[in-house]
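Dear colleague,

Please find the structure below for your records. My notes on its pockets follow.

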Amino acid sequence: MASERRMTATDRRRLIVRAAGELFIVRGYSGVSMDDVLAVVGGSKGTLYRYFSDKSALFRAAVESLCDEWSDPLHAFSPSGRSLSDTLVALGEHFASIVLTPQAIALHRLVTAEAGRIPGIGDAFFEHGPGAGYAVLGRSLRQAYDDGLIEVEDPVRAAAQLYQAMLGDAQMRLLTGAPYKLTEAEVRASVVEAVRVFLRGVSVPGADGLG
C-alpha cells in the first residue's frame, strides 16, 4: 500500500492502536482478534506483531491511548471561576463530560472485566485515567493550600475523595446499568454539593477566595 509506505513507524502504530481501541469498546476483549485489527488497518501480521507481541499488549496500548486522549483536555483546562469553589465545580463538570460518556463507561467496564486475566491492565487504566484526573485536581488543591485557603495533608488523596463525592454516584449507576441515571442537572447538583461540603471541611477560617 502506497499510503502505508508513507507512514512513519509512529504513525502506523498510532493507527493500529486507535483501530484496536474502537474495536475493543464495541466488541469487548474476547470479541476482537489480531486479524480483526488487521482487517481494519491493513498491512501484514509481521508488522502488527513487530509492534505488539500479543493481543493483551495491544489491548494495554489501546487502553492507555484512549485514556490519554480523553484526559488530555484536562491538562490544558483553565477554569475561569473567580473563586476556589467555582474552579472546583468547573473541574468537576469537566470530569463529568469525560468519564460519564458511553465510550468511557464501556472502557471502564471492559478493563474491570479483564483486570483479573491481564496482568497490569488495571494499573495502566488507573495511571492513565483516574490517576491523571486526580493529579490535575490535586494541583488545584495544592495551589489552594499554598495560597492559605485550605488545609489538607495530601492534595492528591483529597482530590480522589472529592472526585468520588462529585461523580461517584453518577458513574456507579452507569457502570452497573442501574435503572435510574442522573440527569445533567443532577450531576451538576452533585458536583456543587460535593464541593460545598468538601470546602466546609478543609477551609482555613477567615480565608478569602473560597466561594
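In the classes used here, Ala, Val, Leu, Ile, Met, Phe, Trp, Tyr, Cys and Pro count as nonpolar, Asp, Glu, Lys and Arg as charged, and the others, Gly among them, as polar. This is a predicted model, in which local features need pLDDT of at least 70, side-chain atom pairs count only at pLDDT 80 or more, and totals for chains, interfaces and linings use all residues. Residues are numbered from 1 along each chain as its sequence is written, and side-chain values use heavy atoms, without hydrogens and water.

The largest pocket (an open set of points on a 1 Å grid over the protein atoms alone, where a 1.4 Å probe fits, with protein on both sides within 12 Å along at least five of seven lines; lining residues have an atom within 4 Å of a point) has a volume of about 380 Å³, a volume being the space filled by probe spheres set on points joined across faces, edges and corners. Its lining has 21 residues, and Val99, Phe125, Pro130, Tyr163 and Gln171 are the closest to the centre. Helix 10 provides the largest share, six residues; helices (H or I, at least four residues) are DSSP runs numbered from the N terminus. The lining of the largest pocket comprises 13 nonpolar, eight polar and no charged residues.

The second largest pocket holds about 190 Å³ of space. Of its 14 lining residues, Ala96, Leu100, Thr183, Glu184 and Val187 lie nearest the centre. Two or more residues each come from helix 6, helix 10 and helix 11 (184-202), and helix 11 gives the most, with four. By class, this second lining has seven nonpolar, two polar and five charged residues.

Yours sincerely
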